[in-house]
Structure formats: structure tokens, C-alpha cells
Amino acid sequence: VLDAGTCYQQAKRALHAAVPDRLHARERETGIIRQFLRDHVCGHRPGSLYISGPPGTGKTACLSRVLLDCKAELTSSKTIVLNCMALSSPAGIFPAMAQELGLPGATGREGVRRLEKKLTTQGPMVLLVLDELDQLESKGQDVLYTLFDWPQLPGSRLVLVGLANALDLTDRSLARLAACPTGSPQLLHFPPYTKEQLTAILTERLGQVAGDPVLDAAALQFCARKVSAVSGDARKALDVCRRAVEVVELEVRNQTLLKPLPSGES
């Protein structure tokens, strides 16, 4: 039998924003990403995919899940995952890529030219995943244009997947790409989670904990309703519930007699 302390620990663990085995209400998006990788990386066709959506809508989690699931299929290609928040400037993306591809560090135009040459000569496909892509916006958008241009070059072996919160980054910053018939990246938008979807996510997570529910259904629905009204951010909902579990845990601990609640009550 689980003691009270253990069930709270388990509940808090279940509510962490880790990448789950199955992403609720994101089957369509997961399928699109998987198909894109199969068509382009496994199919040796360079191309680009732009994934947009507000924070906490599952963009990074979905992509991480697909990369894990397709690991065997992607073994013959080179996968590079970079978070653009970690760069000191937009142009810092080029030396970061060069390092991943084993090129000697060269900055400025020379570094970009070397990278371009590397990505257009024979070799395995290169899958470049850039999270927080909007951090690469720069004067004249030369960094973003260069990156989205590379999959279009003759002999290119680059498949680019960019993730950002902004829905209109491609309209606003990459308008020039639309003029090129093959230049436009494929677009995939993640809408905010609805109240029902958030309730299902929270219920599924807490369902992993044995014993009586730590938080009752009404509390989960209340949390889902509040979060969906503001942002539809699943991380926020998981956070709120984790804090609620901590409050319950503290109250129980502060009771002089640690007796479990009668079954059926919460």
C-alpha cells in the first residue's frame, strides 16, 4: 500500500512537463511531422517545415516524440537540434552549425560560404531543427533567408525544421520566399489547447498514480477552464496542478495525525 507521501511524490512526477509517450490531441500534428521527415529526410528531398503556435501547445514535445520514434529511420542522416535562445546573436547560428558538422570554425562570410559548400556536396541528408526560430530575426532578415534558401540550392542535402511562437513569421520576415515557387516552407500551426483537451491531459497524467485520486475531477476541470481561457498552455496547466498537489501534501503533513482520507473523499 502506498503511503500518502509516496502518492504525492508520484503525482508531482506525473505532472512534470516531460515528453510523454503519447501526446493527447496532437495526433494530426504528429502525423504531419512524421510524414514530412519520411518524405524529405528518408526520401532524400531537401525542404523546410515551419511549425508555429503559442507556448505550451506541444510543438517541441511533438517534434521530440517523432524524433525518438523515428530514430531508426533517421540513422543514416545527420540530425542537428539547436535552440536559438542559446545564441548570442542571430549570426551565431552559422558557427554553431559548423561545429556540429565538424567544420573548422570560421565566422562571417567565409564561415557561411563553407557551410553552404558542405551542404551542397555529396553526403548524408542533414536534418536541422531550430527551436525558438524567431530569435534569428535580424536586420534585413539575411540570417533567416540564408537558412531557408539552402534547401533550394542545387545538390542541397538540407532539411530544415523551424519552430516559433509567431504565426506570421513567414509572412512578416520571409515574404521574399513566397515569390519563389519551391521556396515557401510547409507550414504547420499548433492551436492552443481547449478546456476539454487540457482536462484529458491532466486526467491522463494523474491516472498514472496508483490509489485514490490526489486531485478530484472538479479541481482538474477548474484548472483546465482557467488556463484555456487565458492561454491554452499545457505546461501552465501541469504547473498549476503540481502546485495544488504541494498544497494538499502540506495540509496533510501539518495534520497531527497522518491518517489517509476515507476512500471516495478528496
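Biologist: What is the order of the strands in the open sheet, and how do they pair?

Modeller: In this predicted model, the order is β2-β3-β4-β1-β5, and the pairing of the five strands is parallel.

Biologist: Why is one side of β2 and of β5 left without a neighbour in the sheet?

Modeller: β2 (78-83) and β5 (186-189) each have a single partner strand, so they stand at the edges with one side free of a neighbour. From one strand to the next, the twist averages 15 degrees.

Biologist: What makes β1 and β4 count as paired strands?

Modeller: Pairing requires at least two bridges between two strands. Strand β1 (residues 47-52) and strand β4 (residues 158-164) have six bridges, in the parallel sense, and therefore they count as a pair. One of the bridges joins S52 to A164 in β4.

Biologist: Which strands does helix α2 touch?

Modeller: Helix α2 (residues 27-42) packs on the sheet and touches β1, β3 (126-131), β4 and β5. The direction of α2 makes about 160 degrees with that of β5. Helix α3 (residues 59-69) lies across β1, β2, β3 and β4, and runs at about 150 degrees to β4.

Biologist: How do the axes of helices α4 and α6 lie, and which residues make the contact?

Modeller: The axes of α4 (residues 93-100) and α6 (residues 142-149) come within 11 Å and cross at roughly 35 degrees. I93, F94 and M97 of α4 meet V143, T146 and L147 of α6.

Biologist: What is the character of the residues in the contact of α4 with α6?

Modeller: Five are nonpolar, one is polar and none is charged. Thr is not among the residues counted as nonpolar or charged, so T146 is counted as polar.

Conventions:
Residues are numbered from 1 along each chain as its sequence is written. This is a predicted model: local features need pLDDT of at least 70, side-chain atom pairs count only at pLDDT 80 or more; totals for chains, interfaces and linings use all residues. Side-chain values use heavy atoms; hydrogens and water are left out. Axes are lines fitted to C-alpha atoms, for helices over the stretch in contact, and angles run from 0 to 180 degrees between N-to-C directions. Helices (H or I, at least four residues) and strands (E, at least two) are DSSP runs, numbered from the N terminus. Contact means heavy atoms within 4.5 Å.
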